[in-house]
Amino acid sequence: MTESARSDWLPPAFLADGDRPVFAEPWEAQLFALVVELHQQGCFSWTEWAARLSVEIEKRRQNQEADWGDTYYELWLKTIKQLLIEKSVTSKSEIEGRVDEWRRAYLNTPHGMPISLAAAYSPLNHSLSTEDL
């Protein structure tokens, strides 16, 4: 995918250098917005968030794990999960359950169609027969 095609989903304010997006994927922008909203709702201070994220970044550096520029928001995701579990906003089993629901929804959604969480509870709705598999 070209850089300009990747930025089609972003408003101009989210473009960094010319046509290069600040976020590589939509989920990164959504995660960023979620973290900001949770902070604004008082779930944690920005200082606390920054300190926790810094710990995860340092762990990755100390483990000498390769970073090709695509791991930064994975660290955001790991950090927010840990923080919300520790603050009893959610539990590990609730997170795992929701991940499983989205996985089932993805598997139950025909290629090219938007994924809806409701699809997690629908039988497979693909036009393929078992003979096609």
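How exposed or buried is Asp-100, judged by its relative accessibility? In this predicted model, Asp-100 counts as partly exposed, at 31% relative accessibility, and the legends below place this residue among the salt bridges of the structure.

**View 1. Asp-100 and Arg-104 meet in a salt bridge within helix H5.** The side chains of Asp-100 and Arg-104 come together with an N to O distance of 2.4 Å. Because the two residues are four apart in helix H5 (residues 92-107), about one helical turn separates them. Arg-104, like its partner, is partly exposed, with a relative accessible area of 29%.

**View 2. Arg-52 and Glu-86 form a salt bridge between two helices.** The closest N and O atoms of this pair are 2.8 Å apart, and the pair links distant parts of the chain, since Arg-52 belongs to helix H3 (residues 46-62) and Glu-86 to helix H4 (residues 72-86), 34 residues apart. Arg-52 counts as partly exposed at 21% relative accessibility, whereas Glu-86 counts as exposed at 53%.

**View 3. Glu-56 takes part in a network of salt bridges.** The side chain of Glu-56 meets that of Lys-59 in a salt bridge (3.2 Å, N to O), and both residues lie in helix H3, three residues apart, which is about one turn of the helix. Glu-56 counts as buried because its relative accessibility is 3%, and buried means under 20%; Lys-59, by contrast, is partly exposed at 41%. Together with Lys-78, these two residues are linked in the network.

**Overview. The views belong to a wider set of charged pairs.** A search of the whole structure finds eight salt bridges, among them the pairs Asp-100 with Arg-104 and Arg-52 with Glu-86.

Terms used: Residues are numbered from 1 along each chain as its sequence is written. This is a predicted model: local features need pLDDT of at least 70, side-chain atom pairs count only at pLDDT 80 or more; totals for chains, interfaces and linings use all residues. Side-chain values use heavy atoms; hydrogens and water are left out. A salt bridge is a side-chain nitrogen of Lys or Arg within 4 Å of a carboxyl oxygen of Asp or Glu. Buried means under 20% relative accessible area, exposed over 50%, partly exposed in between (1.4 Å probe, protein chains only).
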